[in-house]
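Trainee: Please take me through this structure in questions and answers. I would like to start with the burial of a single residue.

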Amino acid sequence: MKAFLLAAGVGSRLRPITDTTPKCMLAIGGQPLLDIWLDAFDRAGVDEVLVNLHHLPDVVRNHLVARAGSRKPPAVRTVFEPELLGSAGTLAANRAWVGGDEMFLACYADNLTDFDLRSLAETHRAHGAIATLTVFRSDRPSAGGVLELDAAGTVVGFTEKPSQPVSDLANAGMYAFHPRVLDEIAGPPPRDIGYDLLPRLVGRAKAMPVEGYFRDVGTADAYRRAQQEWPPTIGSTSCTTSQAWSTAAGREALWTSALSRASPVLCFFRPVPHRDERGFFCRTFDADVMRAAGLDPAAFVQHSLSRSARGAARGLHVRRGDGEA
Amino acid sequence: MARRDDEQVTLFVPADCAHGFQALTDSADVSYQIDRVHDLSEDASIAFDDPELAIPWPLAVTVRSQRDRLAPPLAAATRLLA
């Protein structure tokens, strides 16, 4: 069985750690996340893993060369993406590697879990659906994809980062796919599994709950907690993801067309202030974060500041013609 | 949505989406970027108190610009923008 480990993320939410260390090389309990994943794949019967790289690829390559010396399975192939293809774009670009009609796994490298991937593979084989997703209960489901399931575990709804989640079932980012899903990935990259692929599988995909420990370690706070919590004690319950930045924040009602990124939608960004006795520091603009939300940070041509007295209102304003308000 | 004064939020407002805000503190700063050079002739306003929109402004609106005072309701503005 083959598996993708999606590891190309820049890790902008983890700066400055990720200025020198790619996310999948973050140390947890004395070993990089990458090794935790490779060991988990090995235990699940995966014999070939494809790791896609973008940010600081040589750090990962050098580590894998050292690991290869120990002849530890599984076999690992790396693919460098000079331009990020998106998670679904990576799957589609490596169709030849996936080959025939055997199922494959795909996981995001910035999650930390002790979930048994063998149970994912076995569940997928047993029901024969095109895809099997993993879910966990989250108090902030809108930080990622939100699922609706019917009583048989069929995915009957999927929305990436909805402003108003319809359930607390969040996508855990571990998938078993039939190669037919690659036919569903259309259009030029970047294509994203959450935005572009999973909505097309509604009604055909199944989902199963994540047992055990699960955490998205994509923020400095979550990474710190993960270091304290790992390795988890047996029987620990699911953890929820924590994101310092969110493009569609929580349950605050604002419209968003989460199923399509054809046109930009109203987005939230929440820079996290760093406070001390002097006051606070806060990065209010981050090109990587904007790009991650599908926006073009280079588009802005004027930066202005307004100051208003209490009670003053400005608006509603809109702009004639094309372009920004 | 109302914001505390120590909370940082950035909004991306797409094209054709009208926007407005009220200062809840004295004073309130808003920093913003635009992706096309500002052109006065393209400015359009919609009445902040249009009953069709029924926006629940948190405070009595004490100060407005001349432009905002004269803004037409949404239905009329939509015709002008079309």
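Trainee: A:Leu56 has 18 other C-beta atoms within 10 Å; what is its burial class?

Mentor: This is a predicted model, in which local features need pLDDT (the predictor's confidence in each residue, from 0 to 100) of at least 70 and side-chain atom pairs count only at pLDDT 80 or more, whereas totals for chains, interfaces and linings use all residues. Residues are numbered from 1 along each chain as its sequence is written, while chains are lettered from A and ligands numbered from 1 in the order in which they are written. A residue is buried if 20 or more other C-beta atoms, placed from the backbone, lie within 10 Å of its own, exposed if 12 or fewer do, and partly exposed in between. The count of 18 for A:Leu56 therefore makes the residue partly exposed.

Trainee: What sign does the phi of A:Leu56 have, and what is its value?

Mentor: A:Leu56 sits in the loop between strand S4 (48-53) and H2 of chain A; helices (H or I, at least four residues) and strands (E, at least two) are DSSP runs, numbered from the N terminus. The residue is not a glycine. Even so, phi is positive, at about 50 degrees.

Trainee: Is A:Lys161 buried or exposed?

Mentor: A:Lys161 is another residue that has a positive phi, about 45 degrees, without being a glycine. The residue is located in the loop between strand S10 (155-160) and strand S11 (169-171) of chain A. Because there are 23 C-beta neighbours inside 10 Å, A:Lys161 counts as buried.

Trainee: What separation do the C-alpha atoms of A:Tyr195 and A:Thr159 have?

Mentor: A:Tyr195 belongs to helix H6 (residues 193-197) of chain A and is buried, with 21 other C-beta atoms within 10 Å. A:Thr159 is 36 residues away along the chain. In space, the two C-alpha atoms are separated by 7.5 Å.

Trainee: Within what arc do the buried residues of H1(A) fall?

Mentor: Helix H1 (residues 33-43) of chain A has the buried residues A:Leu33, A:Leu34, A:Trp37, A:Leu38, A:Ala40 and A:Phe41. Down the helix axis they line one face, because the directions from the axis to their C-beta atoms fall within an arc of 160 degrees.

Trainee: Which element gives the largest share of the largest nonpolar core?

Mentor: A nonpolar core is a set of buried Ala, Val, Leu, Ile, Met, Phe, Trp, Tyr and Cys residues joined through C-beta atoms within 7 Å. The largest one has 72 residues, and A:Ala3, A:Leu5, A:Leu105, A:Ala106, A:Cys107 and A:Ala109 touch the most other members. The largest share, six residues, comes from H1(A).

Trainee: How many residues are in the core that lies apart from it?

Mentor: That other core includes A:Ala312 and A:Ala313. Chain B is represented too, with B:Ala23 and B:Ile46 among the members. The number of residues in this core is nine.

Trainee: In the sheet S2(B)-S19(A)-S4(B), which strands stand at the edges?

Mentor: Two strands pair if DSSP finds at least two bridges between them. On that basis, S2(B), S19(A) and S4(B) form an open sheet in that order with antiparallel pairing, and the twist averages 30 degrees from one strand to the next. Each edge strand has a single partner strand, so one side of each is left without a neighbour in the sheet; the edge strands are S2 and S4 (43-45) of chain B.

Trainee: Which residue in S2(B) is the bridge partner of A:Ala313?

Mentor: Strand S19 (residues 313-319) of chain A is joined to S2(B) by three bridges, and the two strands run antiparallel. The bridge partner of A:Ala313 in S2(B) is B:Gln22.

Trainee: Over which residues of chain A is the pLDDT below 50?

Mentor: Chain A averages a pLDDT of 82, with 85% of the residues scoring at least 70. One stretch falls below 50, although it has 81 contacts (C-beta atoms, placed from the backbone, within 7 Å) beyond near neighbours in sequence. Where pLDDT is low, the predicted coordinates should not be read in detail. The stretch in question is residues 233-264.

Trainee: What share of the 82 residues in chain B is buried?

Mentor: Chain A, for reference, has 44% of its 325 residues buried. Chain B has two helices and four strands, in the order β-β-β-β-α-α from the N terminus on. The buried share in chain B is 10%.

Notes
Contact = placed C-beta atoms within 7 Å. Axes fitted to C-alpha atoms, helices over the stretch in contact; angles between N-to-C directions.
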